[in-house]
Amino acid sequence: MLSLKEKDRPIVRKLLDAGCCARCVLRFCCVGKYSSYQSSCQDINKELLAFLSHDASCQEQPEDPPCKRMKLESAQAGEDGLPETSALQGEPEPQDPKCVACLGVLQDFCDETFVKQVCETVRERDYKFDSLVLAVSLPAQLSVREHSCWLYVKKELREKSMCVEKEDVVQVKDAFKWAIQGLVGRELSAPVLCNSAFEVSIGFTHADTDKDCHFLATVCSNCFKPAKNKASVFTRMAVAKALEKISDQDFLRHYPCPPHRASSRCTPLETTCLHSSVFIAGRYNKFSRELPQTPWVIDGERRMEGSVEELIANPPLSSFRADAFNFSSSGREDVDVRTLGNGRPFAIELVNPHRARLNKAEVKQLQETINASSDKIRVRDLQIVTRDAMSRMKVGEEEKTKSYSALIWTKKAITKADLDIIGNIKELKIDQKTPLRVLHRRPLAVRQRLIHSMSARYLDTHHFTLLLRTQAGTYIKEFVHGDFGRTKPSLGGLMETEADILELDVESVDVDWPPAVPE
Ligand code: ZN
């Protein structure tokens, strides 16, 4: 049963006469019951005709039912030599005239045949999912035709002193989803939900989009700006904006109301799938002094083999069958710096994963695969996290403490007693001008940083090990050698000698995220 009311009767008649399909008639009668759109076109049509024929108050019956009349009209148009049908991409055009509002979307693409095609494509893409959400994109001129139909209905409503808002009209997109979602769900054995992470996009185009929208460009020229990456200026956004601006009179001066019959229907685009990103996190150790954190490429040429992010991300990339990844970490170390201790927190966004779930054992296995792939890095506490949780890694990063150990060389010969001064320094404030070596990628600024504490272990007359705890973001190498006076004070300055750093290790990064994973 269609939930139509007495007040809908004149609208149903007018829209059928104008060449709207049965589902579009329901839309303009604001029928919000999903199941009403799931019957076949013929059945809805039959019900609409039955609804009209029960009109006892109507004295004057039309000679032909509206649907028959539509067919007659189109047959006549064909005789006049107008191209009533056209073959698009080799598909035979059905005999029915195309709906003036949806250009066939709600007529020819809500059946099992089309749904099976869509689902076949989804299966070929080989995703693992337990629910899906449908996304629908329609050619821009459907908005123009919708607007024309709406003005047509509004005129009728005004004559009957009734009031309906355009927002109450069910959108083609929604009616289409309601009509097919049950079939899609059954075919793919997964419910269609509105908040699923797996999106199946069904799109349509129409050959006459530019022709149908062209008048808008003359009336609202500033709504249509050519964009580099768009084939046509008549994007859905631009057309919607123009339709908001244009007055009813202007619209009616330039566009027929109701819309003209179209010579062809919409053509479906290839169905596409997209799964929202999965995020994994953990901590890593880096044991090599010849491994950059990110691929080291200068002028398109690779300067060093491998990188921390590739070594860590490649196994998850294949486990989750993702298209790409984005790596982020709590700070970073230089190519020649090791990261020891508990390691450095990191997180990886896996883009468009074809499977999104791994159980605890599988995550553990993944961690072992990463660790077995190279002895240059090691990962711990690997886990799946949410996008929100990931942002915690970056919160308050500047206030965090990092611990380092460094091998120091001094020009002046030293004794154990010379190192006592170092152990007595606490909460030392230093000013660091952006180091020369990073000036090409960081803005020039002076940053104040804190050296919380230091201690030293004597090795020989020119070498000692320096242990230090500092505020995150401190440039350690520059603190040691002074960077030509750009870091003040410096260790060399404090010891009144030239000093340099030969080796540096990160001993710990005190960020309490991600949580430890019990073995
Ligand atoms: Zn329609």
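Helices are DSSP runs of H or I with at least four residues, strands are runs of E with at least two, and both are numbered from the N terminus. On this basis R145 is placed in helix 7, which covers residues 141-159. The model is predicted. The protein holds 17 helices and 16 strands.

The overall dimensions come next. The C-alpha trace spans about 115 × 50 × 40 Å along its principal axes. The radius of gyration is 34 Å, whereas a compact globule of 519 residues would have one near 24 Å. Of the 519 residues, 48% are buried. The exposed surface amounts to about 26,400 Å². Carbon and sulfur atoms supply 51% of that surface. Contacts were also sorted by sequence separation. Among those between residues at least 6 apart, 78% join residues at least 24 apart.

R145 was examined in detail. Its relative accessible area is 3%, so R145 is buried. Several stretches of the chain meet this residue. Beyond its neighbours within four places in sequence, R145 contacts V100, A101 and L103. It also contacts D212 and Y255. P259, H260, R261 and A262 complete the list. C102 lies 43 residues away from R145 in sequence, yet the two C-alpha atoms are 7.9 Å apart.

Y255, one of the contacts of R145, also takes part in ring packing. The whole structure contains 15 aromatic pairs. In one of them, F215 and Y255 have ring centres 5.2 Å apart. The angle between their planes is 35°, and the pair is tilted. Stacked pairs need planes under 30 degrees apart, so an angle above that cut-off and not over 60 falls in the tilted class. F215 belongs to helix 9 (residues 209-219), while Y255 sits in the loop between helix 11 (248-254) and strand 3 (267-268). The pair therefore ties together parts that are 40 residues apart in sequence. Both partners are shielded. F215 has 10% relative accessibility and counts as buried. Y255 has 7% and counts as buried too. Elsewhere, F109, F114, F176 and F204 make up one aromatic cluster.

Charged groups also sit over rings. The charged end of R9 is placed over the ring of F51, 4.4 Å from the ring centre. K14 lies over the face of Y152, with 4.3 Å to the ring centre.

The cysteines were then checked for pairing. A disulfide is a covalent bond between the sulfur atoms of two cysteines. The count of disulfides comes to zero. C266 is in no disulfide. Its nearest cysteine sulfur belongs to C102 and is 7.4 Å away. The cut-off for a disulfide is 2.5 Å between sulfur atoms, so a separation of that order is outside the rule. C266 is buried, at 1% relative accessibility. C21 is buried as well, at 4%.

Backbone geometry shows several notable sites. The peptide bond joining C257 and P258 is cis, with omega about 0°. P258 lies in the loop between helix 11 and strand 3. That loop also carries Y255. A cis bond also runs from W513 to P514, with omega near -5°. P514 falls in the segment after strand 16 (499-509). Positive phi angles occur at residues other than glycine. C30 has a phi of about 60°. This cysteine is in the loop between helix 2 (22-28) and helix 3 (41-53). At 28% relative accessibility, C30 is partly exposed. N352 has a positive phi of about 50°. It lies in the loop between strand 9 (337-351) and helix 13. N352 is buried, at 6% relative accessibility.

N352 reappears in the surroundings of H275. H275 is in strand 4 (residues 272-275). It counts as buried, with 9% relative accessibility. Outside its neighbours within four places in sequence, H275 touches Y127, A197 and F198. The remaining contacts of H275 are N352, P353 and A356.

D375 is an exposed site. It lies in the loop between helix 13 (360-373) and strand 10 (377-385). Its relative accessibility is 68%, so D375 counts as exposed. D375 and K286 are 89 residues apart along the chain, with 8.9 Å between their C-alpha atoms.

Conventions: Residues numbered from 1 in each chain as written. Predicted model: local features only at pLDDT ≥ 70, side-chain atom pairs only at ≥ 80, totals over all residues. Heavy atoms only, no water. Phe/Tyr/Trp six-rings, centres within 6.5 Å; stacked < 30°, edge-to-face > 60°. Buried < 20%, exposed > 50% of the residue type's maximum accessible area, 1.4 Å probe, protein only. Lys NZ or Arg CZ within 6 Å of the ring centre and 35° of its normal. Rg over C-alpha atoms; globule rule 2.2 N^0.38 Å. Contact = heavy atoms within 4.5 Å. Areas by Shrake-Rupley, 256 points an atom, 1.4 Å probe, with all protein chains shown as cover.
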